[in-house]
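Here is a short tour for anyone meeting this fold for the first time. Have a look at the picture below, then read on.

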Amino acid sequence: MTFKNPYFFLLLLVLIPYIVWYVMRYKKSLPTIKMPETAKFKAVPKSFRQYLLHIPFLLRCILIALVVCILARPQSKHSWSDTDVEGIDIMLSVDVSTSMLAQDFRPNRVEALREIAQKFVEKRVNDNIGLTFFAGEAYTQCPLTTDHAALMNLYNSADTHMAENGMLEDGTAIGDGIMNALLRLRESEAKSKVIILLTDGVNNSGNISPVTAAEIAKKQGVRIYTIGIGTTGMAPYPLPTGGTIQLPVEIDEATMTKISKETGGQYFRAKRNAELDAIYSDIDQMERTKFNVRQYSRRTDLFEPFAMLALLVFLAELLLRLVVLKRLP
């Protein structure tokens, strides 16, 4: 434990004159009476109130010390911890093209996939997981990491309307999304490497076809599990001016199934989250790699125990002074 404002401990010096004042005041307040002999009074037992007489003063000193500790802001230390865990290297490759804004899922496909990704990451406690976004082009949002909270923060903070707003080239370049994820897995020494491809599966742009990308993944020993999301027919799309318009939608399950089979993975249709249990079970059977994880702990304020103890000391002192040791005028 450390203190952010240790100079507040100088306030403890106030206790010295306070103790001196209390001792002098106590001596002056003692009643005196002249007696010819005091020997016979030595055997008179003391009442329990006499034993408690100085307890309120002691509690007051403790209370002052606790308040000073609170003002000094106790905090936990910055620390690094090294642990050995066994896991799998996984890249999430997520489609954020405008076709993913179709509202055949609530509120749309992008948000539905975000929920699926959240549940998936929560179950992969010891795995290295990274994140790639793609539309007409692909980029890495988060490299491989075991800090899953940071991963999801980067996922949630990303603007999934980038393609719609022209910040990212629109289209669906599934092959580019796979290749970007493969680049992040290229230097991995894990025995098992996985790409989770989340898309509606209708490839219409990019520099490399999805099937060719899958063949490259196979050569590198990377399995691709594809999660397709979407329906066929008509679905509402949001308009920039507000409201929605009905547009035709489709999902290319044939391509996604081929990608998965080529690499030894599986294809799943995302209709309900419960259907993802199969992919969790399948990945759990893969060989894991032991790797070292170094975690950093930030400082956090630890004033709560001091505050609770100060409150209890204050109430105890008040109870003793006003009830048990109450003096009549």
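Before we start, one bit of vocabulary: two strands are said to pair if DSSP finds at least two bridges between them. Keep in mind, too, that what you see is a predicted model.

## The whole chain

Let's begin with the overall tally. The chain's secondary structure adds up to 11 helices and 12 strands. There are 329 residues, and 41% of them count as buried. About 19000 Å² of the chain is exposed, with carbon and sulfur atoms supplying 58% of that area.

How much of the contact count comes from residues 24 or more positions apart? Taking the contacts with a separation of 6 or more, such pairs account for 81%.

## The six-stranded sheet

Now for the sheet. Six strands line up in the order β6-β5-β4-β7-β8-β11, forming an open sheet with mixed pairing. At its edges sit β6 (138-145) and β11 (267-269), each of which pairs on one side only. On average, neighbouring strands here are turned by 15° against each other, if you ignore direction.

Let's walk across it, starting at β6. Strand β5 (residues 128-134) runs antiparallel to β6, and five bridges join the two. Their connection is a hairpin that goes through three residues. Within this pair, F134 has A138 of β6 as its bridge partner.

## A strand in the middle

Further along, strand β4 (residues 89-95) pairs with β7 in the parallel sense, over six bridges. One spot to look for is D89, which stands opposite K193 in β7. On to the next pair: β7 and β8 are parallel as well, joined by seven bridges. Here L198 faces a partner too, standing opposite I227 in β8.

Is β7 enclosed or open? Seven of its seven residues are buried, so β7 is largely enclosed by the rest of the structure. Both of its faces are covered: on one side you find K193, I195, L197 and T199, on the other V194, I196 and L198, and all are buried.

## The β11 edge and its helix

Strand β8 (residues 222-228) also runs parallel to β11, with three bridges between them. In this pairing, T226 stands opposite Y267 in β11.

A helix joins the scene here. Helix α9 (residues 253-263) lies across β7 (193-199), β8 and β11, and runs at about 155° to β8.

## Two helices side by side

When two helices pack, they are described by the angle between their axes and the distance between the axes. For helix α1 (residues 15-29) and helix α3 (residues 55-71), the axes come within 11 Å and cross at roughly 170°. Angles over 145 degrees count as roughly antiparallel, and that makes α1 roughly antiparallel to α3.

Which residues meet at this contact? From α1 come L15, Y18, I19 and Y22, and from α3 come F57, R60, C61 and I64. Sorted by type, the contact has seven nonpolar residues, no polar ones and one charged.

## An unusual backbone angle

Most residues other than glycine have a negative phi. Against that background, R73 is worth a glance: it is not a glycine, yet its phi is positive, at about 55°. You'll find R73 in the loop between α3 and β2 (74-75). Its relative accessibility is 30%, so R73 counts as partly exposed.

## Where a late helix meets the early chain

The last stop is helix α11 (residues 303-324), which is home to F306. With a relative accessible area of 18%, F306 is buried, because buried means under 20%. Leaving out residues up to four places away in sequence, F306 touches M1, L66, C69, I70 and P74. One of these, P74, is 232 residues away along the chain, while its C-alpha atom and that of F306 are separated by 9.0 Å.

A310 lies in α11 as well. Is A310 buried or exposed? Buried, with a relative accessible area of 8%. With the same neighbours in sequence left out, A310 touches L63 and L66. Its C-alpha atom is separated by 7.0 Å from that of V67, a residue 243 positions apart from A310 along the chain.

Conventions. Residues numbered from 1 in each chain as written. Predicted model: local features only at pLDDT ≥ 70, side-chain atom pairs only at ≥ 80, totals over all residues. Heavy atoms only, no water. Helix = DSSP H or I, 4+ residues; strand = E, 2+ residues; numbered from the N terminus. Axes fitted to C-alpha atoms, helices over the stretch in contact; angles between N-to-C directions. Contact = heavy atoms within 4.5 Å. Parallel < 35°, antiparallel > 145°, perpendicular 65-115°, else oblique. Nonpolar A, V, L, I, M, F, W, Y, C, P; charged D, E, K, R; others polar. Buried < 20%, exposed > 50% of the residue type's maximum accessible area, 1.4 Å probe, protein only. Areas by Shrake-Rupley, 256 points an atom, 1.4 Å probe, with all protein chains shown as cover.
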